[in-house]
Every structure is written in C-alpha cells, then in structure tokens.
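Thanks for coming. I will put the structure up now and then go through a few points on it.

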Amino acid sequence: RFLCHQFESLGPALLPTDPVHAARVDKICRLHDVYLGAVQPAMYKMASSGFPPFGAFGSRREALEEIGKQLQVLESYADSTGPYIA
C-alpha cells in the first residue's frame with residue numbers, strides 16, 4: 001500500500017477509490033496474509049532447516065492441500081469481470 005500511495009502520480013491507480021472495492025482489496029490481502037502466508041513456505045522450505053517446514057500441518061501434502069483450499073477461498077472474492085483480482 002505504501003508503494004501504491006507513494007507513486008500514485010506516476011501511473012494508473014492500483015488501489016480502488018470506491019469504498020466497497022477497497023474493502024474487497026483489504027479482505028483479499030488479509031486472507032492472503034493470515035491463511036496463505038503462514039503455510040506458503042511449505043512450497044520451498046527444506047525439512048533440514050531446523051524449523052517445522054509445514055507449520056501446523058503434519059506433511060508437505062497436507063500443507064499444499066491447504067494452500068489449494070485457501071486459493072479457492074481467495075478466488076471466490078475475486079472480481080470475475082475485471083483483469084485484476086479485486
């Protein structure tokens with residue numbers, strides 16, 4: 001958001017000005033941050049790193065399945081008419 005506001009005069013707006021659409025963007029960002037961001041490292045973290053590589057999930061398969069589920073949730077909030085997600 002900082003970059004969008006900082007450079008808004010250099011090109012088309014990347015954030016909607018309509019409050020309803022702005023709320024949708026906020027919700028999509030929050031869904032990503034809370035539900036996808038936490039399990040996303042399962043796609044690339046090595047098990048030998050010394051940290052649980054799959055978060056709350058017992059296996060890489062379970063973590064990747066959760067990513068798929070959360071992507072479906074995120075997609076359900078996407079704008080089906082536009083070229084962008086929100």
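Is Ser 76 buried or exposed? Ser 76 is exposed, because its relative accessible area is 55%, where exposed means over 50%, buried under 20% and partly exposed in between, with a 1.4 Å probe and protein chains only.

Before going on: this is a predicted model, in which local features need pLDDT of at least 70 and side-chain atom pairs count only at pLDDT 80 or more, while totals for chains, interfaces and linings use all residues. Residues are numbered from 1 along each chain as its sequence is written, and side-chain values use heavy atoms, with hydrogens and water left out.

Ser 76 belongs to helix α3, residues 60-76; helices are DSSP runs of H or I, at least four residues, numbered from the N terminus. Between Ser 76 and Ile 28 the C-alpha to C-alpha distance is 9.8 Å, and they are 48 residues apart in sequence.

Ile 28 is also one of the 8 residues of the largest nonpolar core, with Phe 54 and Leu 74 among the others. Such a core is a set of buried Ala, Val, Leu, Ile, Met, Phe, Trp, Tyr and Cys residues joined through side-chain atoms within 4.5 Å. Two elements, α2 (19-36) and α3, give two or more residues to this core, and α3 gives the most, with 3 residues.

Last, α2 again: with 4 residues, α2 gives the most to the lining of the largest pocket. A pocket is an open set of points on a 1 Å grid over the protein atoms alone, where a 1.4 Å probe fits, with protein on both sides within 12 Å along at least five of seven lines; lining residues have an atom within 4 Å of a point.
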